[in-house]
Amino acid sequence: MVAQEVTYLDNAATSWPKPPVVAEAMSRFLAQDAANPGRAGHRMAVAAERMLDTVRKELTEFIGGNDLHRMIWTMNCTDALNIAFKGLLRPGDHVITTTLEHNSVSRPLQAMSDSGFITLTRVDFSPSTGLINPDDIRQAIGPKTRLIAITHASNVVGTIQPARDVGKIAREHGVKFLLDGAQTIGVAPINVQHDYIDLLAFPGHKSLLGPTGTGGLYVNATVKIDELTAFREGGTGGDSASPQQPRLFPYFLEGGTPNTVGIAGLGAAGEYVRQHVPAKTLAHEQALVQRLLDALAEIEAVEVYGPSTAANRVGTISFNVDGYSPQELGGILDEAFSIAVRPGLHCSPYAHKSLGSFPDGTVRVSPGAFNTEADIDKLLEALREVTA
Amino acid sequence: MALSDIAEQLEKSDPSLARYNRQMLWEPIGIAGQKKLKASRVLMVGCGALGTVLANTLARAGVGHLTIIDRDFIEINNLQRQVLFDQQDIADQLPKAVAAKKKIAQINSDVQVEAVVADVNHTNILNYAGGCDLLLDGTDNFETRFLINDVSIKLNIPWVYGACISAMGLAMVIRPGITPCLRCVFETVPPPGMNPTCDTAGVLGPTVNIVASWQAMEALKLLTGNINAVSRYLFSFDCWDNRYQQLNVAKARDIADCPACKHHNYEYLSGKFASSTTTLCGRNAVQISQPAGSKINFEQIAVGLKAVGSPSFNKFMLKCTINEGQGERQRQHELTLFADGRAIIKGTNDASVARAIYSKYVGA
């Protein structure tokens with residue numbers, strides 16, 4: 001296995017490795033209970049349904065929700081975002097988003113804007129702090145504004161955004177607030193009540209340490225089911241006589257057999273994450289990032305983007321090295337040093353435009369829960385050798 | 001049989017074959033062989049130097065159906081050896097496969113030509129090879145040859161290998177289950193950059209014509225059912241130093257524990273050994289990755305690349321800017337090569353363009 005020798009620093013894309021309990025839970029579920037949930041009523045089906053709901057409940061509590069039925073299983077965060085945008089928005093709506101967004105937010109909204117379905121405002125962030133100013137969002141609100149959709153943390157520079165402040169502004173103006181928790185769920189605190197979040201989209205495969213193919217959309221009680229349309233219709237296991245999708249959470253938004261094996265893994269991953277205390281994991285990642293930032297400041301050929309401190313950020317930083325394109329440096333780190341990083345635009349072209357790193361992008365380094373100081377030092381040693 | 005006899009017989013059966021009377025005069029082909037040619041389908045993989053000679057020869061000989069696959073457009077430096085193309089094709093910015101079809105229609109409109117502008121690889125080759133009587137190698141890289149080899153064995157279709165550089169050539173007929181296959185003889189793809197390519201070491205027109213004419217002759221034997229006349233040797237020559245050899249490779253089939261023809265383990269057709277391309281996040285660049293374990297020598301490759309650019313390298317990577325095409329189609333590509341054979345080709349988002357550059361300037 002090549003992967004065993006790799007120093008993996010691409011956790012912002014997908015966390016790796018996973019706690020062994022994840023594979024164990026998936027394997028056990030496959031071997032014992034992997035029937036179609038609900039539908040049939042036999043004991044295996046009931047066990048599968050119960051597992052789905054147990055994990056629903058645990059994750060709902062984890063994000064401060066109060067109704068497990070409003071936790072919708074999705075295939076990833078992109079899926080959750082599409083379900084939210086296409087389910088909530090109506091012709092003529094105005095949407096406010098930011099230039100920090102990943103394409104999973106930017107592209108669906110851009111497509112809706114291009115087709116004349118919605119109007120769209122992108123609020124810029126400060127390249128030096130990596131932060132959105134909530135006042136800029138407040139000022140962008142107009143009479144037709146229906147939704148404010150922002151990322152909780154930049155996937156390029158890692159800065160954690162003032163979600164609560166933005167949520168409060170949204171609530172005060174009667175505007176819905178969607179938070180993209182891709183980079184934060186599992187490390188930074190998210191509370192849908194406290195942060196005024198109406199819709200929370202998140203992946204299972206990043207800091208929640210779950211398998212790929214899992215994710216969720218939490219629809220807070222502030223969004224009535226009648227305000228939504230189903231992004232996809234299909235079998236729900238119950239209410240089969242109805243020609244329409246049953247207007248009942250989670251089934252309204254969950255047509256088709258869910259990824260039960262993946263959710264079994266996500267359940268085990270979530271338990272692991274909670275036991276190891278997200279705040280401690282975040283502090284660990286921040287310490288690694290600070291170690292990296294301090295050392296990079298000493299290497300003349302390196303230019304770091306965003307703030308120079310690890311405070312108020314997830315374990316993600318971006319930089320470039322003189323004389324090498326990000327792709328070249330990424331290639332060298334992989335080929336000559338077996339270090340996995342992510343060069344390029346990180347699916348966030350607007351962020352790179354604001355940072356001045358468009359179109360080539362940057363090299364992104366994102367340590368995760370299982371990285372160590374030795375991993376950071378190995379990267380630094382490699383960078384010193386390349387820039388020597 | 002005399003010309004008059006041929007004319008008389010064709011009058012009753014197929015007058016359209018009359019144009020081939022010089023070929024039918026050759027007894028082993030005759031009218032029966034000519035009819036077999038008309039009924040046959042041939043897949044030509046690649047339509048560059050070897051491919052144009054092959055297509056030209058087989059179309060004139062009356063092969064009924066040719067499928068010609070090539071991913072490239074014609075460039076002025078191709079005309080020195082690629083016999084089906086001319087300056088007007090370049091002005092018209094035609095892909096090679098399309099220009100070949102157009103030219104063959106002028107030469108012999110009885111030949112059905114299917115022109116496919118595509119990168120042939122493990123995901124699509126079976127779509128083109130099924131139902132063919134023969135596969136012909138007009139490629140410039142070993143990876144595609146091993147892919148053709150897998151298809152040949154899997155579908156039990158013979159193929160004719162051909163390769164050339166400078167004044168040297170190699171060619172061989174592979175008949176599944178009868179002769180050794182290409183992997184019995186060459187086991188694996190040579191590491192990237194180990195061998196010079198026509199674009200770094202040059203190639204002479206006559207070399208191409210000798211190899212492709214040899215391939216075409218074997219193709220005629222195979223397609224007309226003259227199996228006993230088919231070469232069982234690896235033909236090898238250097239026509240600058242005047243050395244011509246026929247290597248007896250028959251034993252290779254017994255010696256080699258060949259994954260392809262002995263174990264029917266099609267490692268290239270399955271994609272397991274295929275190089276992969278990724279369009280990189282960022283600007284206009286494609287990354288080509290080689291199967292694990294490749295190692296290349298920057299110094300050696302830099303020597304070759306001096307023919308087309310100014311390569312520079314350090315211990316981590318080699319860079320070279322390569323200009324291709326003319327006029328409106330002129331493009332600049334930046335090749336960055338890493339020690340494990342992977343490459344980043346800037347200036348394109350098209351995987352087939354990147355693969356073509358890799359084959360031409362690095363070689364695999």
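The following paragraphs lead through chain B of this predicted model, from its overall build to the meeting of its two assigned domains.

In its secondary structure, chain B combines 14 helices with 14 strands. The radius of gyration of chain B is 21 Å, and because the globule rule gives a value close to this, 21 Å for 364 residues, the chain is as compact as a globular protein of that length. Measured out along the principal axes, the C-alpha trace of chain B covers about 70 × 50 × 40 Å. Of the 364 residues in chain B, 51% count as buried, a label that requires 20 or more other C-beta atoms within 10 Å of a residue's own. Among the contacts in chain B with a separation of 6 or more, 65% are between residues that stand 24 or more positions apart.

The domain assignment divides chain B into domain 1, covering 40-255, and domain 2, covering 276-361. Taken over C-alpha atoms, the centres of domain 1 of chain B and domain 2 of chain B are separated by 25 Å. To the contact between them, domain 1 of chain B gives 19 residues, while domain 2 of chain B gives 23 residues. On the side of domain 1 of chain B that touches domain 2 of chain B, the largest share comes from helix 10 (residues 198-201) of chain B, which supplies three residues. Sorted by class, that side of domain 1 of chain B holds eight nonpolar, five polar and six charged residues.

Technical notes. Residues numbered from 1 in each chain as written. Chains lettered and ligands numbered in written order. Predicted model: local features only at pLDDT ≥ 70, side-chain atom pairs only at ≥ 80, totals over all residues. Helix = DSSP H or I, 4+ residues; strand = E, 2+ residues; numbered from the N terminus. Rg over C-alpha atoms; globule rule 2.2 N^0.38 Å. Buried ≥ 20, exposed ≤ 12 C-beta atoms within 10 Å, placed from the backbone. Contact = placed C-beta atoms within 7 Å. Domains from an automatic or database assignment. Nonpolar A, V, L, I, M, F, W, Y, C, P; charged D, E, K, R; others polar.
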